[in-house]
Structure formats: structure tokens, C-alpha cells
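Take a moment with the sequence and the 3D view. The paragraphs that follow lead you through them step by step.

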Amino acid sequence: MIASIDSNFCTGCEECVISCPDIFELNLTTYLAAVKVSPVPADLEGSVKSVASECPVSAIKITA
Ligand code: SF4
């Protein structure tokens, strides 16, 4: 599973970084979220799906 951030929508609110720090980090140049592990490890797929559904601007995209 691949997670990606749509930088056109991400506001840098850090909700995903706080909820799932093993996968998401804040890019300190852009102050937007970034994915730091790809593909997503199987044991974190559920967490990433949950975080994606909770992103306030639906900026986290998931592909198989
Ligand atoms: S939760 Fe969404 S808007 Fe907030 S930092 Fe993560 S991707 Fe960006």
C-alpha cells in the first residue's frame, strides 16, 4: 500500500504526524506533511487508512 500527500490540499495541521509518526512527518522546508516510509508496512496499513479518513482536507491518498 502506498500513501501520498497532495500538497495542493495539505495545510500542515500535523494531525497525521501526531497520529501516525512512523509514516508521516512534517517537511520543515514546506511545513506540509510528507510520507517517510513507502510502501506502508502491513502492520501500519490500518492506522494509515484511519488517519487518511480523518485528514480534515482529504489530502492523504492511498493506492494499492
Ligand atoms: S492531516 Fe492532512 S492536512 Fe493535516 S498535515 Fe496531515 S495531510 Fe496535511
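Start at the ligand. In this predicted model, 14 residues surround the ligand. The closest are Cys-10, Cys-13, Cys-16, Ala-33 and Cys-55. What kinds of residue make up the shell around the ligand? Nonpolar residues number 10, while 2 are polar and 2 are charged.

One of those closest residues leads inward. Cys-16 belongs to the largest nonpolar core, a group of 13 residues. Together with Ile-60, Cys-16 touches the most other members of that core. Two elements give two or more residues to the core: strand E1, residues 2-5, and helix H2, residues 45-54. Leave aside residues up to four places away in sequence, and the contacts of Cys-16 are Phe-24, Ala-33, Val-51, Cys-55 and Ile-60. Two of these names, Ala-33 and Cys-55, also stand among the closest to the ligand.

Now step back to the whole chain. The protein has 2 helices and 4 strands. Along the sequence they follow the pattern β-α-β-β-α-β. The radius of gyration is 10 Å, close to the 11 Å that the globule rule gives for 64 residues, so the protein is as compact as a globular protein of that length. The C-alpha trace spans about 30 × 20 × 20 Å along its principal axes. Of the 64 residues, 20% count as buried. Look also at the contacts with a separation of 6 or more: 56% of them join residues 24 or more positions apart.

Strand E1 comes next. In a regular strand the side chains alternate between the two faces of the sheet. E1 shows such an alternation. Ala-3 and Ile-5 point to one face and are buried. Ile-2 and Ser-4 point to the other face and are not buried. E1 pairs with strand E4, residues 60-63, in the antiparallel sense, over 4 bridges. Within this pairing, Ala-3 has Ile-62 of E4 as its bridge partner.

Stay with Ala-3 in strand E1. Why does Ala-3 count as buried? Because 24 other C-beta atoms lie within 10 Å of Ala-3, and 20 or more are enough to call a residue buried. Not counting residues up to four places away in sequence, Ala-3 touches Ile-23, Val-35, Val-40, Val-48, Ile-60 and Ile-62. Take Val-40 as an example of a distant partner in sequence. Ala-3 and Val-40 are 37 residues apart in sequence, yet their C-alpha atoms are 7.0 Å apart in space.

The other strand pair is a hairpin. Strand E2, residues 24-27, and E3 run antiparallel, joined by 4 bridges. Asn-27 stands opposite Leu-32 in E3. The hairpin has 4 residues between its strands. Here Tyr-31 takes a positive phi near 60 degrees.

That angle introduces some backbone details. Most residues other than glycine have a negative phi, and most peptide bonds are trans. Glu-14, not a glycine, has a positive phi of about 75 degrees. Glu-14 sits in the loop between E1 and H1. Glu-14 is partly exposed, with 15 other C-beta atoms within 10 Å. Ser-58, another residue that is not glycine, has a positive phi near 55 degrees. Ser-58 lies in the loop between H2 and E4. Is Ser-58 buried or exposed? Ser-58 is exposed, with 12 other C-beta atoms within 10 Å. The peptide bonds hold a detail too. Ser-38 and Pro-39 are joined by a cis peptide bond, with omega about 0 degrees. Pro-39 is in the loop between strand E3, residues 32-35, and H2.

Finish at helix H1, residues 15-19, where Glu-15 lies. Glu-15 is partly exposed, with 16 other C-beta atoms within 10 Å. Beyond residues up to four places away in sequence, Glu-15 touches Glu-54, Cys-55 and Pro-56. Glu-15 and Val-51 are 36 residues apart in sequence and 8.0 Å apart in space, C-alpha to C-alpha. Cys-55 brings the tour back to its start, as one of the residues closest to the ligand.

Definitions and conventions. Residues numbered from 1 in each chain as written. Predicted model: local features only at pLDDT ≥ 70, side-chain atom pairs only at ≥ 80, totals over all residues. Near = placed C-beta within 6 Å. Nonpolar A, V, L, I, M, F, W, Y, C, P; charged D, E, K, R; others polar. Core = buried A, V, L, I, M, F, W, Y, C linked by C-beta atoms within 7 Å. Contact = placed C-beta atoms within 7 Å. Pairing = 2+ DSSP bridges. Rg over C-alpha atoms; globule rule 2.2 N^0.38 Å.
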